[in-house]
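Hi there,

Here is the structure I promised to pass on. Have a look at it first, and then read my notes below.

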Amino acid sequence: CCTIGLITGPLWGKPAWGIWWTWDARLTTTFLLWLLYIAYLLLRSMVEEPDRRARISAVFGIFAFLDVPLVYVSNRFWRTQHPTPVFFGGPNAGVDPTMGKVLLLCFAAMVGVMIVLLLDRYHLERLRCEVSRLTSEIGSRDLDRPSRTAREHL
């Protein structure tokens, strides 16, 4: 989602603001968040030992998440290219009630998609653990059995 936002934002930003990119507070903090996401994915793929990978990734994930509230409040703290927030932006902020209903419907749909994806990911991880357990069980059985050449010597 962050990648899509950083790619599509300049597409409408150019006609609206006359520039493709500016080092606006919201854009800069979002770009930093995207870099942190990429670093997290690289970290997950580079550490071999599962326990160490989980620990390091968890600590880095907590650190990287600290940028999320900063992205949210960036256009409140610094008055830049982005307009004031529509929701919780102060006096005269908000949307038409019909749009509020549409927003809630879209939010419910996204939560539904998120739940389906999380359940699918949970199922995938359970299958991976099962494969790992079975692989180690097969490996330990092979070590318990004498090799064919050893039997021939007996």
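Let me begin in the middle of the fold: leaving aside neighbours within four places in sequence, serine 57 is in contact with Tyr40, Leu43 and Arg44. Please keep in mind that this is a predicted model. Serine 57 belongs to helix H3, and with a relative accessibility of 1% this serine counts as buried, because the cut-off for buried is under 20%. The side chain of serine 57 also reaches the backbone oxygen of arginine 53, at 2.7 Å.

Now for the overall picture. The chain has six helices and zero strands, so along the sequence the pattern reads α-α-α-α-α-α. Of its 154 residues, 14% count as buried. The chain exposes about 12600 Å², and carbon and sulfur atoms supply 69% of that area. Among contacts between residues at least 6 apart in sequence, 52% join residues at least 24 apart.

Helix H2 is a good one to look at next. H2 runs over residues 25-46, and at 1.5 Å a residue its 22 residues should span 32 Å; the C-alpha atoms at its ends are 31 Å apart, which agrees. At the start of H2, a side-chain oxygen of aspartate 24 comes to within 2.9 Å of the backbone nitrogen of arginine 26. The buried residues of this helix are Ala25, Leu27, Thr29, Thr30, Leu33 and Leu36. Their cover includes helix H1 (2-17), helix H3 (50-65) and helix H4 (67-77).

Aspartate 67, in helix H4, caught my eye. Which side chain of opposite charge is nearest to this buried residue? The nearest is arginine 26, but at 9.8 Å, and aspartate 67 has no salt bridge. The cut-off for a salt bridge is 4 Å, so arginine 26 is out of range. Not counting residues up to four places away in sequence, aspartate 67 touches Thr29, Leu32, Leu33 and Leu36.

Leucine 66 sits in the loop between H3 and H4. Leucine 66 is exposed, with a relative accessible area of 59%. From C-alpha to C-alpha, leucine 66 and leucine 33 are 9.2 Å apart, although 33 residues separate them in sequence.

Finally, the charged pairs. The count of salt bridges comes to five, and several of them can be followed along helix H5 (residues 97-144):

- Arginine 121 and glutamate 125 meet at 3.3 Å, N to O. They are four residues apart in H5, which means about one helical turn between them. Arginine 121 is partly exposed at 44% relative accessible area, and glutamate 125 is partly exposed at 29%.
- Glutamate 137 forms a salt bridge with arginine 133, with the closest N and O atoms 3.1 Å apart. This pair, too, is four residues apart in H5, about one helical turn. Glutamate 137 is partly exposed at 29%, and arginine 133 is partly exposed at 42%.
- Glutamate 137 also meets arginine 141 in a salt bridge, at 3.0 Å, N to O. Both lie in H5, four residues apart, about one turn of the helix. Arginine 141 is partly exposed, at 48% relative accessibility.

Why does this spacing bring side chains together on one side? An α-helix has 3.6 residues a turn, so residues three or four places apart point the same way. Glu130, Arg133, Glu137 and Arg141 are linked in a network of salt bridges.

Happy browsing, and write back with any questions!

Best wishes

Technical notes
Residues are numbered from 1 along each chain as its sequence is written. This is a predicted model: local features need pLDDT of at least 70, side-chain atom pairs count only at pLDDT 80 or more; totals for chains, interfaces and linings use all residues. Side-chain values use heavy atoms; hydrogens and water are left out. Helices (H or I, at least four residues) and strands (E, at least two) are DSSP runs, numbered from the N terminus. The expected span of a helix is 1.5 Å times one less than its number of residues. Buried means under 20% relative accessible area, exposed over 50%, partly exposed in between (1.4 Å probe, protein chains only). Contact means heavy atoms within 4.5 Å. A polar contact is a pair of N or O atoms within 3.5 Å; within protein, one must be able to donate a hydrogen and the other to accept it, and residues adjacent in sequence count only if both atoms are side-chain atoms. Lys and Arg count as positive and Asp and Glu as negative; His and the chain ends are not counted. Accessible areas come from the Shrake-Rupley method with a 1.4 Å probe; for residues, only the protein chains shown count as cover.
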